[in-house]
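Me: Please take a close look at one part of this protein, namely its cysteines and their surroundings in the fold. I should like a formal, connected account.

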Amino acid sequence: MPTHSETRRLPYSAQQMYDLVADVAKYPQFLPWCAAARIRSITPQGAAQVMEADLVISFKVFRERFGSRVTLFPGEMRIDTEYLDGPFKYLKSDWAFADAPEGGCDVSFHVDFEFRNAILQGVIGLVFNEAMHRIVRAFEERARALYG
């Protein structure tokens, strides 16, 4: 149902931004509505690493845990996430990072999801675009704090 895609040019390297997004355990330190994160496992899979993680999302009166499988492709500078369990019908997201020839990098982000709970889906529907912009800004602000 709700989807969001955007590409941003940022003044950091693709490696720096990849490392920031791949560090799921630190999300509660800077992501809005992310109350907790727990890494279940990290397993090498060829050139990739597969991480299973739980995030606790807290929004107004809602507090939900969901599990996801995050596949890290360091050689390709790509991160794919798929839903395992929790309040969604489905959730998929992907990140791609590419160094720009004139410096900095392009960060592409896409997310597509739907909640099982119609009330929660309705609440998110009202604020979805603003929520996605706040999340992207949170990653940008985190990069500024880490990499100046």
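Reply: The model is a predicted one, and its surface is a suitable place to begin. The protein chain has an accessible surface of about 7,900 Å², and carbon and sulfur atoms account for 53% of that area. Of the 148 residues in the protein chain, 43% count as buried.

The cysteines can be set against this background. Cysteine 34 has a relative accessibility of 8%; because buried means under 20% relative accessible area, cysteine 34 counts as buried. Cysteine 105 likewise counts as buried, because its relative accessibility is 0%. As for disulfides, a search of the whole structure finds 0.

The fold around these residues comes next. The protein chain contains 2 helices and 7 strands. Read from the N terminus, the order of elements is β-α-β-β-β-β-β-β-α. The radius of gyration of the protein chain is 15 Å, close to the 15 Å given by the globule rule for 148 residues, so the chain is as compact as a globular protein of that length. Along the principal axes, the C-alpha trace spans about 45 × 35 × 25 Å.

Contacts and charges complete the account. Taking contacts between residues at least 6 apart in sequence, 48% join residues at least 24 apart. The protein chain carries 17 positive and 19 negative charges, and the mean positions of these two groups lie 6 Å apart.

To return to the part requested: cysteine 34 is buried at 8% relative accessibility, cysteine 105 is buried at 0%, and the search for disulfides finds 0 in the whole structure.

Technical notes. Residues numbered from 1 in each chain as written. Predicted model: local features only at pLDDT ≥ 70, side-chain atom pairs only at ≥ 80, totals over all residues. Heavy atoms only, no water. Helix = DSSP H or I, 4+ residues; strand = E, 2+ residues; numbered from the N terminus. Rg over C-alpha atoms; globule rule 2.2 N^0.38 Å. Buried < 20%, exposed > 50% of the residue type's maximum accessible area, 1.4 Å probe, protein only. Contact = heavy atoms within 4.5 Å. Areas by Shrake-Rupley, 256 points an atom, 1.4 Å probe, with all protein chains shown as cover. Lys, Arg positive; Asp, Glu negative; His and termini not counted. Charge placed at Lys NZ, Arg CZ, Asp CG, Glu CD. Disulfide = S-S within 2.5 Å.
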